[in-house]
Amino acid sequence: MNNPILKKLVLCLLLSTLYSLLFTDAAFAMHISEGILPLPWAGLWFLVALPFLIKGIFDIKKRAKENSSFKPLLGLMAAVVFVISCMPVPVPTAGTCSHPAGTGISAILVGPVMSIFVTSIALFIQALFLAHGGFTTWGADIVSMGVGGSLAAYFAFKILRRLKAPLFFSGFVAGILADWVTYIITSFELASALHGSKPFLPLFTTILVAFIPTQLPLGILEGFLTAGMIVFVSKRRPDILSQLSVVSFQPSVKRKMKEKIKILLFTFLAVSSLLLAGSRKLLADSWPGVDVSVVEKVAEEHGRSAWTPFINTDQGDLLLFVFLLAGISGGFVLGYCWRKLFVEKDDLKHDKRDIQR
Amino acid sequence: MIKEIFSDSFAQKENYLTNIDARIKLIFVIATMVLCLLSAKSFLPLGIAVAAICFLGTIKVPFRVMLVRFSAPLGIALTVVLLQIFLFGKSPIIKVHLFGYTLVGYMEGLQRGLLILSRVTATVSLVIFLSMTTPLNKLLAAAGYFKVPATWIEITMLAYRYIFMLFEDVSIVRDAQKMRLGYSNVARSLRSIGELAGAAVIKAYDQSLAVQEAMMLRGYKEKVIYSSAAKFTPGDNVAAVIFTAFFLTLLIINFNIR
């Protein structure tokens, strides 16, 4: 150490870096900052990202013709990725807040190509208004966060679901991979652009190791975030996941069996009651009851034949009149007690639900 | 604060910079960014950064807002500077003893690092200049003029429109979760943040259906009509001449200092 001014300069840099990494509100390490990549590398990464964007545009045009709400959905999904990537998540090991990528969620919901497209929009708005990422590093950020993160998350989720893994676990792994793959590619991009005449591997390893204190726990947190999201949506609004073809809610074997048993039972009851009703009518004449075949017969043998009843309900509309009276009095009682039976009961249910909440 | 930083509220104000056509500013900013990345010395990008900040100062953009926007990229840039110092070069300038290891910093690495730092400062200040003086709708209309695909522009407009709404909804849910001790320990925080993301997705899905319905009612036919680029005014022509002169001067300086 010869020059004291230079020494002070380097120490100032060291302290300011530590300050910015440890004490600022959020460690915005997700994207490569504006101006860091040299022009050829910036151009190269943009060219790598371009085919995915073109494919995305073609797919959107096609899908928008089939489903007119697809474009608004993508716009809103870009807003979701933006908002999620602005959520501060505490990283205990680094003592800072960082933020998730959000691409895992979009890849699961709208597929990898659409997720790349959506990420490009979120990155553009972040670069413009938050100086988070940049125009010159837009291509590199799309490749790391969009292409790498989305593809890793999507395939992890799909493979795990095919292997019948639970929804939470599939989402968790997808979230972790979306984050970690993003960082591995970011490290690769930085190292390949900045290694100069030195070998590539040591710089790549150094950057990767530098990311570990924040990104290792952050990846796990992103896993929980993605898993929590997918489970929450599947519980509250399974129709969304069905509509987006994320999960097909086919009934399980047990549920199918239960439903089959229910249907069989219902059919058996219906058929048997129909048969009973029919047979009763058919057999009514040939099989008289005990009263007629035994009691009446014995009574007649002893000279005591049956009298006509004092109130003969088989005559005229008397039976109908009695039914009418019963219906009127029943209706009156039901109307009188309606409030007690139904309205107050519902109020009680609502109160109970509110208390539970 | 977030709205002040994030929205284009400064760009909506009337002043001599916001009145310049977005196409001229877009070309100037992109060309100057390319020049910054090509420059071999630090002082040219630093000069561009100072000029951009001074221009923004004349339209009374608060310095703290600029500083907040600078903080994130500068944090990353400073890390890169440190990596450059300790990994590149032959002439040692500093030795740091850390946990039994001796790290040697080099002069060449420091120069390279400072060049990257100056490039970051310049390009970020140019982006801040563009976003503080051009509303997004005009910027996207200018992008459309330069043949950026209409689908991309349309979805970007939709995304920008609904970001603020989603921000509000998410913050309401987050406040409710906090009130119910949703972040009182690690396990609850993890659960709450997953539910928060889920709530955002559900809200976005429902809103997209409502937007589609509203757009259909307003005669939407698979293409949003955004304000087409207007004719250049005499003021725009003057601005174009000044920007070109400024850029050519920078270009000459850049080639002379190589």
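How much area do chain A and chain B bury between them? They bury about 7,100 Å², 82% of it on carbon and sulfur atoms. This is a predicted model, where local features need pLDDT of at least 70, side-chain atom pairs count only at pLDDT 80 or more, and totals for chains, interfaces and linings use all residues. Residues are numbered from 1 along each chain as its sequence is written, chains are lettered from A and ligands numbered from 1 in the order written, and side-chain values use heavy atoms, leaving out hydrogens and water.

**View 1. The interface of chain A and chain B.** Chain A gives 77 residues to the contact and chain B gives 79. Contact means heavy atoms within 4.5 Å. Buried area is the accessible area (1.4 Å probe) that two parts lose on being put together, summed over both. A:Lys71, A:Leu76 and A:Phe129 supply 10% of the area that chain A buries against chain B, more than any other three residues.

**View 2. A salt bridge between the chains.** A:Lys71 pairs with B:Glu154 in a salt bridge, with the closest N and O atoms 3.3 Å apart. A salt bridge is a side-chain nitrogen of Lys or Arg within 4 Å of a carboxyl oxygen of Asp or Glu. Two salt bridges are counted between chain A and chain B. The structure holds seven over all chains. The pair runs from B:Glu154 in helix 7 of chain B to A:Lys71 in helix 3 (residues 70-84) of chain A. Helices are DSSP runs (H or I, at least four residues), numbered from the N terminus.

**View 3. Helix 5 of chain A against helix 7 of chain B.** The axes of helix 5 (residues 112-130) and helix 7 come within 10 Å and cross at roughly 60°. Helix 5 of chain A is therefore oblique to helix 7 of chain B. Oblique covers angles that are not under 35 degrees, over 145, or 65 to 115. Axes are lines fitted to C-alpha atoms over the stretch in contact, and angles run from 0 to 180 degrees between N-to-C directions. Residues in this contact include A:Phe124 and A:Phe129 of helix 5 and B:Trp152 and B:Ile163 of helix 7. The contact residues divide into 10 nonpolar, three polar and no charged. Ala, Val, Leu, Ile, Met, Phe, Trp, Tyr, Cys and Pro count as nonpolar, Asp, Glu, Lys and Arg as charged, and the others, Gly among them, as polar.

**View 4. Helix 7 and helix 8 of chain B.** Helix 7 (residues 150-179) packs on helix 8 (residues 186-217) at about 140°, with axes 10 Å apart. Helix 7 of chain B is thus oblique to helix 8 of chain B. The contact residues divide into 11 nonpolar, three polar and four charged.

Terms used
Helices (H or I, at least four residues) and strands (E, at least two) are DSSP runs, numbered from the N terminus.
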